[in-house]
Amino acid sequence: MHGEAVTSDLVLTLGGGALLAFAAFLLLYRFTRLRGKQVGLLVALGVTLLYAPFAALRWQGLDVLAIHLALYWVIPYGLGIIAAHREGHRELHEGKRWFQWAPALIVGFLGVVAVVDAVIISFAENGVPPELAARILPPVGGDVRVHSSFPGMVAHDYRTRTENYTAYQRRVQAQKALGWQLRKGFIDPPLAGRDAVFQVEVHDRAGRPLADATVAGSFMRPSNAGEDQRFSMREVRPGLYRAVVRLPKPGNWELLLDIRSGKSLYEVRGLTQAATPGSGN
């Protein structure tokens with residue numbers, strides 16, 4: 001499942017980076033003549049530079065980047081402060097091991113916080129995995145599968161529709177009066193990073209194909225508006241419109257579709273999911 005993969009990536013980069021920073025600090029401080037704050041700065045820069053290519057290749061949003069940078073800098077910074085304190089009071093620590101429970105507890109606490117944040121981000125973007133939802137959410141009768149997600153943002157056109165609420169209500173009533181009938185969807189289930197054919201079939205109130213309409217829309221990423229995919233559809237036969245769409249990442253995508261014929265406008269909203277290639281979903 002994509003949600004599990006995202007969680008694994010975050011746990012690996014956060015937990016692995018934290019352990020690397022801790023180990024690198026101990027080694028540099030033990031086997032070089034650098035002072036604690038100097039070692040802390042070198043370790044923070046080194047771990048950040050190692051993470052940068054991964055972050056660029058697998059961009060997961062500014063919130064994920066901020067959590068990584070905070071953890072990668074706080075750990076060596078905290079260890080540097082502890083080392084500097086020891087250097088300033090060397091006579092009090094003579095004969096004692098440098099490694100003490102205080103820095104270990106600090107690093108451990110930060111690691112737990114990082115893992116929890118990683119899981120929360122994954123659930124917010126992809127929802128609770130079905131297997132976990134079946135265990136923690138109340139049972140649902142029949143064949144209904146519960147999916148939980150929190151996109152963390154309002155609709156793309158929230159401000160416009162708020163400022164022009166009266167006009168929007170009029171458009172809604174006019175759309176209902178049209179009585180157009182729609183059938184929409186992908187011919188085959190969409191896979192992330194691969195072309196998929198999306199089609200819309202439109203009929204008027206009397207059931208006649210709605211020909212020569214202008215159909216366009218967007219697949220919008222709830223967690224990152226920068227990944228939105230706009231598309232225009234061509235008419236392959238009267239009333240049937242198609243477009244080749246490529247959704248770059250797996251997970252939830254919101255659909256906003258506009259159908260225009262003459263002065264009439266029909267708006268449609270929907271939700272779809274792109275699966276990971278080879279996942280069997």
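This tour moves through a predicted model, one selection at a time.

**The larger core**

Begin by selecting Phe198, Phe219, Phe231, Met233, Val245, Leu257 and Ile259, which are the residues with the most contacts inside the largest nonpolar core, a set of 23 residues. If you then colour strands E2 (195-203), E3 (214-220), E4 (229-237), E5 (240-246), E6 (251-261) and E7 (264-274), you will have marked strands that each supply at least two residues of this core. Keep Phe219 selected and display what surrounds it: leaving out residues up to four places away in sequence, Phe219 touches a set of residues including Phe186, Phe198, Phe231, Val245, Leu247, Trp253 and Leu255. Asp228, Gln229, Glu254 and Thr272 are also among the residues that Phe219 touches.

**Along the strands**

Next, select strands E3 and E4, which pair in the antiparallel sense over 5 bridges, and find Gly217, which stands opposite Phe231 in E4. From E4, move on to E5; these two strands are likewise antiparallel, pairing over 3 bridges, and here Arg237 stands opposite Leu240 in E5. E4 and E5 form a hairpin with 2 residues between them, and Gly239, which sits in the turn, has a positive phi of about 85°.

**Around Glu201**

Now select Glu201, which is found in strand E2, and show its contacts beyond the neighbours within four places in sequence: these are Gln181, Leu182, Arg183, Arg237, Gly239 and Leu240. With Arg237, Glu201 forms a salt bridge in which the closest N and O atoms are 3.9 Å apart. Because Arg237 lies in strand E4 and Glu201 in strand E2, the pair ties together parts that are 36 residues apart in sequence. Arg237 itself counts as partly exposed, at 47% relative accessibility. Before leaving this region, draw a distance from the C-alpha atom of Glu201 to that of Arg242, and you should read 8.8 Å between two residues that are 41 residues apart along the chain.

**Other salt bridges**

The structure holds 5 salt bridges, and a useful one to select next is that between the side chains of Asp195 and Arg246, with an N to O distance of 3.0 Å. This pair links distant parts of the chain, since Asp195 is in strand E2 and Arg246 is in strand E5, 51 residues apart. Is Asp195 buried or exposed? At 52% relative accessibility, Asp195 counts as exposed, while Arg246, at 45%, counts as partly exposed.

Turn then to Arg208 and Asp204, whose side chains meet in a salt bridge of 3.2 Å, N to O. In this pair Arg208 counts as exposed, at 53% relative accessibility, whereas Asp204 counts as buried, at 14%. To finish with the charged side chains, select Arg221, Glu227 and Lys249 together, which are linked in a network of salt bridges.

**The helical region**

For the last stop, bring up helix H1 (2-31) and helix H2 (36-57), and select Leu34 in the loop between them. Leu34 counts as partly exposed, at 31% relative accessibility. Adding Leu28 and Leu42 to the selection completes a nonpolar patch on the surface, in which the three leucines together have about 220 Å² of accessible area.

Terms used:
Residues numbered from 1 in each chain as written. Predicted model: local features only at pLDDT ≥ 70, side-chain atom pairs only at ≥ 80, totals over all residues. Heavy atoms only, no water. Core = buried A, V, L, I, M, F, W, Y, C linked by side-chain atoms within 4.5 Å. Buried < 20%, exposed > 50% of the residue type's maximum accessible area, 1.4 Å probe, protein only. Helix = DSSP H or I, 4+ residues; strand = E, 2+ residues; numbered from the N terminus. Contact = heavy atoms within 4.5 Å. Patch = residues over 30% accessible without salt bridge, like charges linked within 9 Å, V, L, I, M, F, W, Y side chains within 5 Å. Areas by Shrake-Rupley, 256 points an atom, 1.4 Å probe, with all protein chains shown as cover. Salt bridge = Lys/Arg side-chain N within 4 Å of Asp/Glu carboxyl O. Pairing = 2+ DSSP bridges.
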